[in-house]
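Notebook open, viewer open. I want to go through a few single residues and then look at the core and the pocket.

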Amino acid sequence: MPGPQIRELQRVFVSRLDTLSHILDAGEAHLGAALDVGQARLAPDMLPLGTQVAFACNQPRGFSQWCAGEPVQNLDPAVPSLEIARAHIADTRARVLAIACDDGKLEETKRIGLGGALYCELPGHGYVSEYLLPNFYFHITTTYAILRMLGVPVGKADYMRFLLPHVRSDG
């Protein structure tokens, strides 16, 4: 049974995956068939929208695999359609919700491959705070920025929608 720290990570990952899904919905609503997830990118040397979604999903997906004692297997970065992007989000969300390890997992060391022969080793807490969450937010933010660049009317309220249950009014 997950402890309070793992449950909090599940909540954060799931709520931000829901945000990612929401901004993709806004992109589809605004652009329809013109939304090309395989090509839309901020700059020529940056990865396209679909890859940003796959890389965002890889963070909580990898965490769920590590928690289960499985090798981390990243998603194919080629995401040619919105349907595949949505399937990645749904599958990742389900994997996160299925995490069953206790908080002790966060005390274990995680080896993180950085490409080529490079790697780093971090305790589980560092793996989450120094690697997973920054990468997760980077790729969600880049997805948001690509959609904004394409003219999709999303704003900070769309990006921060996970705060809605906590919003109150004095008026």
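**Entry: K156**

I started with K156, which sits in helix α5, residues 156-159. A reminder to myself that this is a predicted model. Is K156 buried or exposed? I put K156 down as exposed, because its relative accessibility is 64% and the cut-off for exposed is over 50%. I also checked a distance back along the chain: the C-alpha atoms of K156 and Y144 are 9.6 Å apart, with the two positions 12 residues apart in sequence numbering.

**Entry: T51**

Next I went to helix α2, where T51 is placed. T51 has a relative accessible area of 6%, so I logged this threonine as buried; the limit for buried is under 20%. Which backbone oxygen does the side chain of T51 reach? I found that of P77, at 2.6 Å. Setting aside residues up to four places away in sequence, I listed P77 and V79 as what T51 touches. P77 therefore turns up twice in my notes on T51, once for the backbone oxygen and once in the contact list, with T51 itself buried at 6%.

**Entry: Q65**

I stayed in helix α2 for Q65. The relative accessibility of Q65 came out at 3%, which means it counts as buried. What does Q65 contact once neighbours within four places in sequence are left aside? My list reads E70, P71, V72, Q73 and R95. For R95 I also took the C-alpha separation from Q65, which is 8.1 Å across 30 residues of chain.

**Entry: K105**

Then I looked up a second lysine. K105 lies in the loop between α3 and β1. Buried or exposed, I asked of K105? At 11% relative accessibility K105 counts as buried, whereas K156 at 64% counts as exposed. The side chain of K105 makes a polar contact of 2.8 Å with the side chain of E108. Without the neighbours within four places in sequence, K105 is in contact with W66, C67 and G124.

**Entry: the nonpolar core**

Time for the inside. In soluble globular proteins, nonpolar side chains tend to be buried together. Here I found that the largest nonpolar core holds 44 residues, and that F13, L24, L49 and F63 have the most contacts inside it. Which elements give two or more residues to this core? I noted α1 (4-31), α2, α3 (82-97) and α4. Of these, α1 gives the most, 11 residues. I picked F13 for a closer look: not counting residues up to four places away in sequence, F13 touches P60, F63, V96, L132, L133 and F136. F63 is in that contact list and is also one of the residues with the most contacts inside the core.

**Entry: the largest pocket**

Last, the pocket search. The largest pocket has a volume of about 310 Å³. I counted 15 lining residues, with N58, Q59, N74, G113 and Y131 lying nearest the centre. Where does the lining come from? I wrote down α2 (49-67), β1 (109-115) and α4 (124-149), each of which supplies at least two residues. The largest share, five residues, is from α4. By class, I have six nonpolar, seven polar and two charged residues in the lining. I closed by noting that α2 and α4 are on the list for the pocket lining as well as on the list for the core.

Terms used:
Residues numbered from 1 in each chain as written. Predicted model: local features only at pLDDT ≥ 70, side-chain atom pairs only at ≥ 80, totals over all residues. Heavy atoms only, no water. 1 Å grid on protein atoms, 1.4 Å probe; cavity = no way out; pocket = protein on both sides within 12 Å on 5 of 7 lines; lining within 4 Å. Points joined across faces, edges and corners; volume = space filled by probe spheres on them. Helix = DSSP H or I, 4+ residues; strand = E, 2+ residues; numbered from the N terminus. Nonpolar A, V, L, I, M, F, W, Y, C, P; charged D, E, K, R; others polar. Core = buried A, V, L, I, M, F, W, Y, C linked by side-chain atoms within 4.5 Å. Buried < 20%, exposed > 50% of the residue type's maximum accessible area, 1.4 Å probe, protein only. Contact = heavy atoms within 4.5 Å. Polar contact = N/O pair within 3.5 Å; in protein donor to acceptor, adjacent residues only side chain to side chain.
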